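Reader: I am a first-year student, and I would like a close look at a single helix, please, with its surroundings taken step by step.

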Amino acid sequence: MDKFVIRSNISQSSSNSSSRPSVSSNIAPEIQRGTILSPPSNVDSVLELGSPNPDPKERILILQYAPNIRDEVRRHYIQKEACQPSGHAFPKTKFGNKMRQFNPDWFKGLYSQWLEYSIKSDAAFCLCCYLFKNELESRGNAGDAFTKNGFKGWNKGTERLRTHVGEVSSIHHKCFNRMQDLINQEQSIQSSFHKKSEKVKNDHRIRLNTSVDVVRFLLRNGLSFRGHNESEDSEYKGLFLELLEFHGDKHLDVGKVILHKAPKNDIMICPAIQKDIVDACAKETIKAIIQDLDDDFFGILVDESKDISHKEQMDLVIRYVNKRGEVIERFLGIVHVNDISALSLQKTIYDLLLDHSLSSSKLCGQGYDGASNMQGRINGLKSLILQDVPSAYCVHCFAHQLQLTLVALSKKHSDVNNFFDVVTNTLNTIGASFKRREIL
């Protein structure tokens with residue numbers, strides 16, 4: 001502890017005194033600066049470093065505590081409960097022609113768990129917002145008053161209290177729910193998991209690992225996951241479920257805990273879980289690609305097209321030379337774009353590179369098709385990127401050049417030209433009629 005915290009006279013005075021000192025003037029400097037690095041083992045160790053102040057006006061912000069002790073400080077305030085002085089002679093303030101004061105009845109009922117009163121500043125505060133509203137967001141005067149300087153408008157007390165609470169989705173409600181969750185630690189997922197027996201934990205790991213293995217196999221081979229009919233009586237449920245069942249049949253220890261032999265709320269096969277595993281695999285794959293690139297120069301290959309729902313999408317491939325001198329092309333990602341203008345595509349490319357910690361200053365090449373929005377000399381994507389990175393020379397995509405060459409040559413051959421005319425007319429005729437499509 002001495003390695004990370006500069007001891008002050010506070011701990012000595014607190015140990016030699018029967019009562020803990022007032023906090024406003026005795027907070028340890030390292031807590032005020034938020035530089036405590038070593039987490040205390042319990043609440044008492046937090047108090048030795050600087051006792052959290054009971055007066056709402058004198059407290060330092062939660063963000064000024066080091067991140068690893070903030071929950072300890074929060075628990076201390078929650079256990080001490082809201083500062084609600086009883087028997088205090090609340091001073092009166094003149095509003096218009098009437099003298100008004102803080103109403104102690106507000107401590108009862110709806111506001112009892114979070115409403116606080118500062119004797120020193122004669123103002124009301126919100127405990128839960130102080131504990132969990134990490135950044136003061138723009139939410140009107142009521143939100144700021146109850147968390148920063150305190151509320152003193154006793155002439156509109158009840159109205160302002162209701163305004164501060166707000167709707168169910170308000171910041172106050174979110175802070176209050178987080179306070180309740182911190183109180184009820186036994187209801188957390190982590191606590192629930194620790195209460196499970198070792199056998200239950202082991203069975204859960206087997207189900208999860210089996211689903212991960214199947215997903216990795218399907219991804220590596222580029223196979224589809226879902227089936228047209230995944231019900232129990234279906235003859236073919238899709239590759240994911242079929243491989244899980246096959247894996248369970250070959251390994252009895254796995255077959256005893258997966259699919260219909262697993263708890264109904266822990267089967268680990270729903271589409272959302274499959275997508276989560278796929279997303280995790282994609283992140284690990286991209287992480288390996290970025291490590292292989294090793295912050296070296298790279299080029300980009302970009303193309304855009306519409307998907308089946310007619311939404312514009314853009315795919316990005318990076319091209320680089322690895323440490324063995326091999327030219328590598330790796331798919332980095334595909335994203336939807338609002339439009340296919342050069343400015344929109346440029347912003348999307350930069351954002352995608354930034355998401356993977358790649359700098360556009362490392363660009364040394366571009367590759368696109370021949371569309372005007374891509375290779376336009378004035379406002380094309382190529383020109384916009386060249387303005388930022390002069391070394392990013394553009395090369396027309398070789399695959400697109402080959403396609404254009406084949407199309408041009410095919411049009412010169414009468415038989416091939418006639419064939420494609422017939423195919424085009426056939427598709428247009430069938431596509432124009434739902435009945436014809438159903439017959440075929």
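Author: Helices here are DSSP runs of H or I with at least four residues, strands are DSSP runs of E with at least two, and both are numbered from the N terminus. Residues are numbered from 1 along each chain as its sequence is written, and side-chain values use heavy atoms, with hydrogens and water left out. The model is predicted, so that local features need a pLDDT of at least 70 and side-chain atom pairs count only at pLDDT 80 or more, whereas totals for chains, interfaces and linings use all residues.

Let us take helix 8, which covers residues 171-183. The expected span of a helix is 1.5 Å times one less than its number of residues; for the 13 residues of helix 8 this gives 18 Å, and the end C-alpha atoms lie 19 Å apart, which agrees.

The buried residues of helix 8 are I171, H172, C175, F176, M179 and L182, where buried means under 20% relative accessible area, exposed means over 50%, and partly exposed lies in between, with a 1.4 Å probe and protein chains only. Seen down the helix axis, these buried residues fall within an arc of 135°, so they line one face of helix 8; the arc is that of the directions from the axis to the C-beta atoms. Contact means heavy atoms within 4.5 Å, and the buried residues of helix 8 pack against helix 4 (70-80), strand 4 (123-126), helix 5 (127-132) and helix 7 (157-165).

One partner worth following is C128, which, leaving aside its neighbours within four places in sequence, is in contact with W114, K133, H172, C175, F176 and M179.

A nonpolar core is a set of buried Ala, Val, Leu, Ile, Met, Phe, Trp, Tyr and Cys residues joined through side-chain atoms within 4.5 Å. The largest such core has 35 residues, and C128 and M179 are among those with the most contacts inside it. Helix 8 supplies at least two residues of this core, as do helix 4, strand 3 (115-118), strand 4, helix 5 and helix 7, while the largest share, six residues, comes from helix 5.

Finally, consider the loop between helix 4, one of the partners of helix 8, and strand 1 (93-95), where E81 lies. E81 is exposed, with a relative accessible area of 59%, and its phi is near 70°, a positive value in a residue other than glycine. Most residues other than glycine have a negative phi.
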